Amino acid sequence: SGQLNDLAVRAGLKYFGTALSESVINSDTRYAAILSDKSMFGQLVPENGMKWDATEPSRGQFNYASGDITANTAKKNGQGMRCHTMVWYSQLPSWVSSGSWTRDSLTSVIETHMNNVMGHYKGQCYAWDVINEAINDDGNSWRDNVFLRTFGTDYFALSFNLAKKADPDTKLYYNDYNLEYNQAKTDRAVELVKMVQAAGAPIDGVGFQGHLIVGSTPTRSQLATALQRFTALGLEVAYTELDIRHSSLPASSSALATQGNDFANVVGSCLDTAGCVGVTVWGFTDAHSWIPNTFPGQGDALIYDSNYNKKPAWTSISSVL
Ligand code: XIL
């Protein structure tokens with residue numbers, strides 16, 4: 001068919017995927033129908049269900065109810081899955097973030113978390129985001145969190161080494177936003193990758209989240225240049241959380257066309273990069289998106305409108321594939 005995953009695979013990508021909102025899938029039948037169509041989405045990622053606060057809310061108490069929604073949906077529909085996320089400062093329960101740890105005790109906490117959660121989903125995750133968002137927004141320093149305070153930057157290699165032991169066959173990713181602009185934050189991500197590699201630890205990929213803004217999205221060749229800084233280090237890359245928000249609403253028809261061009265440039269940059277494996281959107285309908293909660297007054301960042309009509313962005317992506 002002419003749906004986006006089929007087109008993406010025909011164009012040489014491994015998948016076109018989406019995040020699954022655990023709070024929406026069982027309450028909105030139109031949402032469920034589009035999400036479950038493998039010709040449209042070849043891969044799913046849980047929007048929240050595999051994060052630390054969902055999977056180990058208190059120490060040693062593991063809960064897979066939310067994460068399994070995505071795993072079971074993907075299995076039922078024959079879709080792949082990327083898994084998100086292990087070591088992250090946010091949605092981290094306070095027993096971890098506010099604990100007083102030694103290197104040994106926090107190592108054991110991370111190891112136990114990975115062995116359980118990655119163990120539970122072993123064999124089902126094409127990739128895992130091992131570390132998420134370890135770089136400050138200015139790109140000049142590492143983000144303060146309990147892991148940095150306990151280990152310094154040693155937690156980068158340590159996390160990848162422990163993840164490899166927990167699931168030897170999944171692709172191990174570093175994942176972050178604003179890497180697309182190829183400025184200081186991208187430089188720091190390159191540095192992080194080189195540090196992990198120099199320590200002899202396994203890293204397979206870098207995820208470009210792709211939380212972008214209509215009209216401020218870099219060009220196709222600028223985006224490809226940023227992606228290729230990582231493929232040059234022997235890694236694969238992917239867009240992992242793509243959405244392109246309007247900074248003011250309602251969007252005019254010309255803003256919707258610009259949004260379409262921006263989406264096409266992002267997907268095109270992946271096609272232009274040997275080693276860019278796929279594109280995942282962070283939701284697909286303007287009816288359900290994290291953007292308005294996090295960026296008040298902004299939104300309509302996805303490829304179907306809130307009535308499930310395909311937007312110009314949908315058509316622009318299909319034309320570039
Ligand atoms: C967001 C979810 O979409 C929201 O539902 C949740 O309340 C907060 O987290 N970067 C990430 C994602 O890596 O996990 C975030 O997801 C969006 C930013």
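## Exercises on a predicted model

**Exercise 1.** Decide whether N178 is buried or exposed, and describe its backbone and its place in the chain.

*Solution.* N178 has 20 C-beta neighbours inside 10 Å, and it therefore counts as buried, given that a residue is buried if 20 or more other C-beta atoms lie within 10 Å of its own. The structure is a predicted model, and every value used in these exercises is to be read in that light. The next step is the backbone, where N178 shows a positive phi of about 65 degrees although it is not a glycine. Finally, N178 can be placed in the loop between β5 (171-176) and α9 (184-198).

**Exercise 2.** Carry out the corresponding analysis for Y308, stating its phi, its location and its burial class.

*Solution.* Begin with the backbone: Y308, a residue other than glycine, has a positive phi near 70 degrees. Then locate Y308, which belongs to the loop between α12 (291-294) and α13. For the burial class, count the neighbours: 15 other C-beta atoms lie within 10 Å of Y308, so this residue is partly exposed.

**Exercise 3.** Find where the peptide bonds H84 to T85 and L249 to P250 lie, and give their geometry.

*Solution.* The bond from H84 to T85 is cis, its omega being near 0 degrees, and T85 sits in strand β3 (residues 80-87). The bond from L249 to P250 is likewise cis, with omega near 0 degrees, and P250 is part of the loop between β8 (236-245) and α11.

**Exercise 4.** Describe how helix α11 packs with helix α13, and name the residues that meet.

*Solution.* Two packed helices are described by the angle between their axes and the distance between the axes. For helix α11 (residues 253-271) and helix α13 (residues 312-320), the angle is about 35 degrees and the axes are 8 Å apart. The handedness comes next: α11 passes α13 in a right-handed crossing. On the α11 side, L256, A257, Q259, G260, N261, F263, A264, V267 and G268 take part, and they meet P312, A313, T315, S316, I317, S319 and V320 of α13. Sorted by class, this contact between α11 and α13 contains nine nonpolar and seven polar residues, with no charged residues.

**Exercise 5.** Repeat the analysis for helices α6 and α8.

*Solution.* Helix α6 (residues 103-120) and helix α8 (residues 154-166) have axes that come within 9 Å and cross at roughly 35 degrees, and the crossing of α6 past α8 is right-handed. From α6 the contact draws on T107, I110, E111, M114, N115, M118 and G119, and from α8 on L158, S159, L162, A163 and A166. By class, the contact of α6 with α8 holds seven nonpolar, four polar and one charged residues.

**Exercise 6.** List the residues around the ligand and state how they divide by class.

*Solution.* The surrounding residues are E47, N48, N132, Q209, E241 and W290. The shell that they form around the ligand divides into one nonpolar, three polar and two charged residues.

**Exercise 7.** Characterise the chain as a whole, from its secondary structure to its compactness.

*Solution.* The chain comprises 13 helices and nine strands. Its radius of gyration is 19 Å, close to the 20 Å that the globule rule gives for 321 residues, so the chain is as compact as a globular protein of that length. The C-alpha trace spans about 55 × 40 × 35 Å along its principal axes. Buried residues make up 50% of the 321 residues. Among contacts with a separation of 6 or more, 78% join residues 24 or more positions apart.

Definitions and conventions. Residues numbered from 1 in each chain as written. Predicted model: local features only at pLDDT ≥ 70, side-chain atom pairs only at ≥ 80, totals over all residues. Helix = DSSP H or I, 4+ residues; strand = E, 2+ residues; numbered from the N terminus. Rg over C-alpha atoms; globule rule 2.2 N^0.38 Å. Buried ≥ 20, exposed ≤ 12 C-beta atoms within 10 Å, placed from the backbone. Contact = placed C-beta atoms within 7 Å. Axes fitted to C-alpha atoms, helices over the stretch in contact; angles between N-to-C directions. Left-handed = near helix turned anticlockwise from the far one by under 90°. Nonpolar A, V, L, I, M, F, W, Y, C, P; charged D, E, K, R; others polar. Near = placed C-beta within 6 Å.
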